[in-house]
Amino acid sequence: MTDSSFSPIHIIGGGLAGSEAAWQIAQAGVPVILHEMRGVRGTDAHKTDGLAELVCSNSFRSDDATSNAVGVIHAEMRMANSLIMACADRHQVPAGGALAVDRDGFSEAVTAELQAHPLITIVREEVTGLPPEAWDLAIIASGPLTSPSLAEAIREKTGEDALAFFDAIAPIVHRDSINMDICWYQSRYDKVGPGGTGKDYINCPLDETQYNAFIDALIEGDAVGFKEWEGTPYFDGCLPIEVMAERGRETLRHGPMKPMGLTNAHNPTVKAYAVVQLRQDNALGTLYNMVGFQTKLKYGAQAEIFRMIPGLENAEFARLGGLHRNTYIHSPTLLDPTLQLKARPGLRFAGQITGCEGYVESASIGLLAGRFAAAERKGEEISLPPATTALGSLLNHITGGHIVSDEEPGKRSFQPMNINFGLFPELEPGSIVKPEGVKRFRGKDKTIMKRQLVAARALEDCKAWLDRA
């Protein structure tokens with residue numbers, strides 16, 4: 001564990017992926033030099049120089065490992081002794097069925113663990129080009145906010161254009177400015193999650209007239225207008241709220257503003273036409289973020305429009321929404337199954353720059369890149385996670401999960417993806433069996449059983465893989 005006879009592995013980027021990769025390598029007994037530019041040069045979205053800083057939501061999403069793909073990857077990462085999951089668990093805040101964290105406490109914990117590790121050296125500097133050849137084993141985990149100079153160096157080396165999309169950040173509201181005579185606490189369907197009570201969200205109800213007025217304001221709102229961003233292929237899981245509104249008047253009511261599973265505590269007999277949910281953003285419970293309300297509206301328009309929401313008429317914002325650039329490479333053609341750049345053996349990529357989307361997904365690819373690099377340094381055979389696991393299915397998507405474009409037959413297209421059951425291999429025929437005594441078994445009930453079986457298989461296969469590794 002403390003053997004430092006190995007040459008160090010260099011990692012560029014101290015976000016979730018880089019931090020996790022560094023931890024996995026060091027825990028394998030190999031020295032790490034982690035290069036992070038924040039502290040020397042900032043980004044458009046980060047506020048601190050802490051490692052693994054969360055710049056968008058504070059939620060790691062569902063923690064249900066029995067029937068949710070995100071919960072499965074949480075469980076697999078915990079099995080693999082993930083630093084990111086350990087720190088998230090220690091700094092969780094109530095969030096219904098989700099795992100959400102106190103963002104400052106989480107980042108501080110990750111930073112402290114890495115700083116204290118005897119095999120990890122943190123260097124605050126910007127790496128402006130590809131790693132020098134002397135860094136025979138290296139990982140680029142520079143994330144969606146890769147500096148322009150490094151992005152250009154990657155393009156020059158690969159001969160491929162780096163693709164870009166944009167994520168929008170949701171506003172954060174001061175809890176004491178929310179009108180609780182109108183709003184109420186409740187998790188959807190009263191679901192209790194890690195550290196939660198079933199009343200972990202603040203809900204703001206809208207009737208049909210209020211909803212339509214809100215949609216009109218969103219569509220007419222003054223958005224940040226940069227011509228170079230026109231035609232941006234937004235990732236559907238993080239669409240700006242006004243972009244969703246433009247796609248149809250009912251889009252939000254069937255998305256982040258859906259009223260299902262919620263009962264107005266102040267008026268139980270009247271069903272809200274739409275509901276805006278706010279989720280606790282810090283351990284103190286003084287800040288709440290507007291769930292699904294990522295936006296590129298200008299600040300003045302945001303404050304005016306969001307105060308149209310019942311209960312938020314006097315809202316004070318700790319942070320308004322914003323827009324930041326995400327860059328990712330065409331991984332299926334550029335990377336091998338161990339995340340190694342085909343054009344340069346020994347150089348791996350990890351995190352969102354590979355084309356995964358989401359905090360845990362990014363960290364999980366860092367986990368894999370770190371384990372692969374450590375095994376290579378130690379002269380061990382690299383063991384890939386089974387495709388039946390969440391880790392393996394996401395890895396397969398990144399390194400070979402392309403789809404064929406209908407518009408350009410034969411051309412491989414590739415888009416960022418969250419972990420989901422659609423990435424897992426199908427179950428063996430006959431695996432889904434109608435429970436004894438059940439007359440009708442189809443539709444939703446059958447889907448639930450399928451997910452439970454896929455999840456159970458994934459966890460079993462992941463444990464077996466880690467036991468062999």
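Here are four short exercises with worked solutions on this predicted model.

In this predicted model, local features need pLDDT of at least 70 and side-chain atom pairs count only at pLDDT 80 or more, while totals for chains, interfaces and linings use all residues. Residues are numbered from 1 along each chain as its sequence is written, and side-chain values use heavy atoms, with hydrogens and water left out.

**Exercise 1.** Find how many helices and strands the protein chain has.

Solution. Helices are DSSP runs of H or I with at least four residues, strands are runs of E with at least two, and both are numbered from the N terminus. Going by that, you get twelve helices and 18 strands.

**Exercise 2.** Work out how helices α2 and α12 are oriented and which residues touch.

Solution. Start with the angle: α2 (residues 69-79) and α12 (residues 443-468) pack at about 15°, and their axes are 10 Å apart. Here the axes are lines fitted to C-alpha atoms over the stretch in contact, and angles run from 0 to 180 degrees between N-to-C directions. That makes α2 roughly parallel to α12 (angles under 35 degrees count as roughly parallel, over 145 as roughly antiparallel, 65 to 115 as roughly perpendicular and the rest as oblique).

Next, look for contacts, meaning heavy atoms within 4.5 Å. From α2 you'll find Val72, Ala75, Glu76 and Met79; α12 brings Ala455, Ala458, Leu459, Cys462, Lys463 and Leu466. Sort these contact residues and you have eight nonpolar, no polar and two charged.

**Exercise 3.** Lay out the six-strand open sheet and identify its edges.

Solution. First, write the order: β10-β11-β12-β13-β9-β14, with antiparallel pairing. Two strands pair if DSSP finds at least two bridges between them. Now check the ends: β10 (184-185) and β14 (317-319) each have a single partner strand, so one side of each lacks a neighbour in the sheet. Zoom in on β10: two bridges join it to β11 (residues 201-206), and Tyr185 sits opposite Ile202 in β11.

**Exercise 4.** Compare where Ala52 and Arg61 sit, given that each has a positive phi.

Solution. Keep in mind that most residues other than glycine have a negative phi. Ala52 has phi near 55° and belongs to the loop between β2 (32-36) and β3 (59-62). Arg61, with phi about 70°, lies in strand β3 itself. Finally, check accessibility: buried means under 20% relative accessible area, exposed over 50%, and partly exposed in between (1.4 Å probe, protein chains only). Ala52, at 0%, is buried, whereas Arg61, at 25%, is partly exposed.

Notes:
Nonpolar A, V, L, I, M, F, W, Y, C, P; charged D, E, K, R; others polar.
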